[in-house]
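Reader: I am new to protein models and would like to learn how to read one slowly, feature by feature. Could we take the metal sites, the empty spaces and the backbone in turn?

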Amino acid sequence: MNRLFALTAVAIFLAFAPLQRAEAADAPQAWPFSVPAESTIPAGPLGEAIKLGQKVVTDTQNHAKAYVGNGLNCSSCHLNGGTVAGAAPFVGLWGVFPEYRSRSASVNALQTRINDCFERSMNGKALPEESPEMIGVLSYVWWLSQGVPTGMDSAGRGFKEILAPATPDKARGKSIYAQKCASCHAADGAGLNKPDGSYMFPPLWGSKAFNIGAGMARLNTAAAFVKANMPLAQGGTLSDQEAYDVAAFFTTQPRPDLAGKENDWLKGGKPKDARY
Ligand code: HEC
Ligand code: HEC
């Protein structure tokens, strides 16, 4: 892209697009969201690593099985392999790590952040840092982040936060769940299996779901994800109140625990919606 054109595009974008992340209110700018064409994956070993990473993310059950402890794939939450703005995309992440995170009270490398999701969202265990799977995921994130300047958030990073209603209501959430979610995620939250045992629709609670230490177990995070992305292909159809009510319901259902969770937020910064 020609530099002047790029700068103009950014200027136009910044004029019209509100920042997608409330936490990023003090961040200077966001880079326009864009996913590279598959055809730009290079030939050769680096391209092979990128493709392995893409498989690890979209079919974690088969490509990193030993490190997964539940029924999910990364793309159960990072939709379409982390290529959807507002569904915690991987686009642009290469240049925003290392990043200080209050949960671990330390500066985390991208590998550490990826392993956080293995241990919490996937209720599994950390990938060895030099494993082909980790190198693959890093290569994939690197490829998705081409052109995004170091240190700059890509627009659509994380989830678009919504306003918390005064009182989220679990009982109302339970009936919204029955009407709008249970057809796919099942009345007992256990999801729906295909004949081969893999999931057609992933579990939201129970032994095969994300654990209590996962970001998705937090009310605000779950409500924001649901508002933008659920019911599947009908994102934006629930009101903010409904998204909060249903999130208040499913995030508080039984799910796996996380050993060592007492070591989170040791130096402060614990969010109000933390579960412990
Ligand atoms: C149950 C849902 C869920 C699953 C499954 C999941 N994640 Fe996440 N992930 C999250 C949430 C929630 C966040 C926090 C998003 C935010 O900061 O707003 C996150 C954040 C991340 C981030 C940092 C994003 C950023 O903007 O800083 C990375 C990298 C990541 N996940 C990688 C993975 C990988 C790799 C997998 C599969 C091994 C995975 N995640 C599986 C929910 C999930
Ligand atoms: C038409 C089927 C369908 C409906 C209805 C639906 N979902 Fe989902 N949901 C999915 C699928 C499929 C995924 C995984 C996305 C993927 O793999 O691409 C998902 C993922 C999720 C996830 C993250 C992954 C996990 O299992 O933790 C949450 C949370 C979620 N849905 C909540 C809801 C809520 C709340 C509702 C009701 C408001 C809802 N969904 C309605 C199909 C559905």
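Author: Let us begin with the idea of a site's geometry: six donors count as octahedral if opposite donors are over 155 degrees apart and all others lie between 65 and 115 degrees. Please keep in mind throughout that this is a predicted model.

Reader: What is the geometry of the site of the iron atom of ligand 1?

Author: The iron atom of ligand 1 has 6 donor atoms, the angles among them run from 87 to 178 degrees, and the site is octahedral. The protein contributes His 78 through NE2 and Cys 117 through SG, at 2.0 to 2.3 Å from the iron. His 78 sits in the loop between helix H3 (60-63) and helix H4 (79-82), while Cys 117 belongs to helix H5 (residues 110-119), so the pair ties together parts that are 39 residues apart in sequence.

Reader: Is Cys 117 buried, exposed or partly exposed?

Author: For this we need a cut-off, since a residue counts as buried under 20% relative accessible area and as exposed over 50%, with partly exposed in between. Cys 117 has 22% relative accessibility, so it counts as partly exposed, whereas His 78, with a relative accessible area of 16%, is buried.

Reader: Which protein atoms are donors to the iron atom of ligand 2?

Author: For the iron atom of ligand 2, the protein donors are NE2 of His 185 and SD of Met 230, which lie 2.0 to 2.3 Å from the iron. His 185 is part of helix H8 (residues 182-185) and Met 230 is in the loop between helix H9 (219-229) and helix H10 (240-250), so this pair ties together parts that are 45 residues apart in sequence. The site of the iron atom of ligand 2 is octahedral, with angles of 87 to 179 degrees among its 6 donor atoms. His 185, at 11% relative accessibility, counts as buried, and Met 230 is buried too, with a relative accessible area of 16%.

Reader: Now I would like to turn to the empty spaces. How does one find them?

Author: Rolling a probe the size of a water molecule over the atoms shows where empty space is left. In this model, the second largest pocket has a volume of about 700 Å³.

Reader: Which residues lie nearest the centre of the second largest pocket?

Author: They are Ser 76, His 185, Phe 201, Pro 202 and Met 230, out of 34 residues that line the second largest pocket. You will recognise His 185 and Met 230 as the protein donors of the iron atom of ligand 2. At least two lining residues come from each of H3, H8, strand S6 (199-201), H9 and H10. By class, the lining of this pocket has 21 nonpolar, 10 polar and 3 charged residues.

Reader: Why does the second largest pocket lie between domain 1 and domain 2?

Author: Domain 1 (19-154) and domain 2 (170-258) both give residues to the lining, so the second largest pocket lies between them.

Reader: How many cavities of 30 Å³ or more are there?

Author: The count comes to 2 cavities of 30 Å³ or more. The second largest cavity has a volume of about 30 Å³, and its lining includes Ile 212, Arg 218, Trp 265, Arg 275 and Tyr 276. In that lining there are 5 nonpolar, 1 polar and 2 charged residues.

Reader: Lastly, the backbone. Which peptide bond leading to Pro 231 is cis?

Author: A cis bond is recognised from the angle omega, and the bond from Met 230 to Pro 231 is cis, with omega near -10 degrees. Pro 231 is in the loop between H9 and H10. The bond from Phe 97 to Pro 98 is also cis, with omega near 0 degrees, and Pro 98 is found in the loop between H4 and strand S2 (99-101).

Reader: What is the phi of Ala 88, and where is Ala 88 placed?

Author: Phi is another backbone angle, and in Ala 88 it is near 45 degrees, a positive value in a residue other than glycine. Ala 88 lies in the loop between H4 and S2 and counts as buried at 12% relative accessibility. Asn 123, which is not a glycine either, has a positive phi of about 45 degrees. This residue, Asn 123, is in the loop between H5 and helix H6 (132-144), and at 22% relative accessibility Asn 123 counts as partly exposed.

Note on methods
Residues are numbered from 1 along each chain as its sequence is written. Chains are lettered from A and ligands numbered from 1 in the order in which they are written. This is a predicted model: local features need pLDDT of at least 70, side-chain atom pairs count only at pLDDT 80 or more; totals for chains, interfaces and linings use all residues. Side-chain values use heavy atoms; hydrogens and water are left out. Donors are N, O and S atoms within 2.8 Å of the metal (3.2 Å for Na, K and Ca); water is not among the atoms, so sites may look incomplete. Four donors count as tetrahedral if all angles lie between 85 and 135 degrees; four count as square planar and six as octahedral if opposite donors are over 155 degrees apart and all others between 65 and 115; anything else is irregular. Helices (H or I, at least four residues) and strands (E, at least two) are DSSP runs, numbered from the N terminus. Buried means under 20% relative accessible area, exposed over 50%, partly exposed in between (1.4 Å probe, protein chains only). On a 1 Å grid over the protein atoms alone, a cavity is a set of points where a 1.4 Å probe fits but cannot get out, and a pocket is an open set with protein on both sides within 12 Å along at least five of seven lines; lining residues have an atom within 4 Å of a point. Grid points are joined across faces, edges and corners, and a volume is the space filled by probe spheres set on the points. Ala, Val, Leu, Ile, Met, Phe, Trp, Tyr, Cys and Pro count as nonpolar, Asp, Glu, Lys and Arg as charged, and the others, Gly among them, as polar. Domain bounds come from an automatic or database domain assignment.
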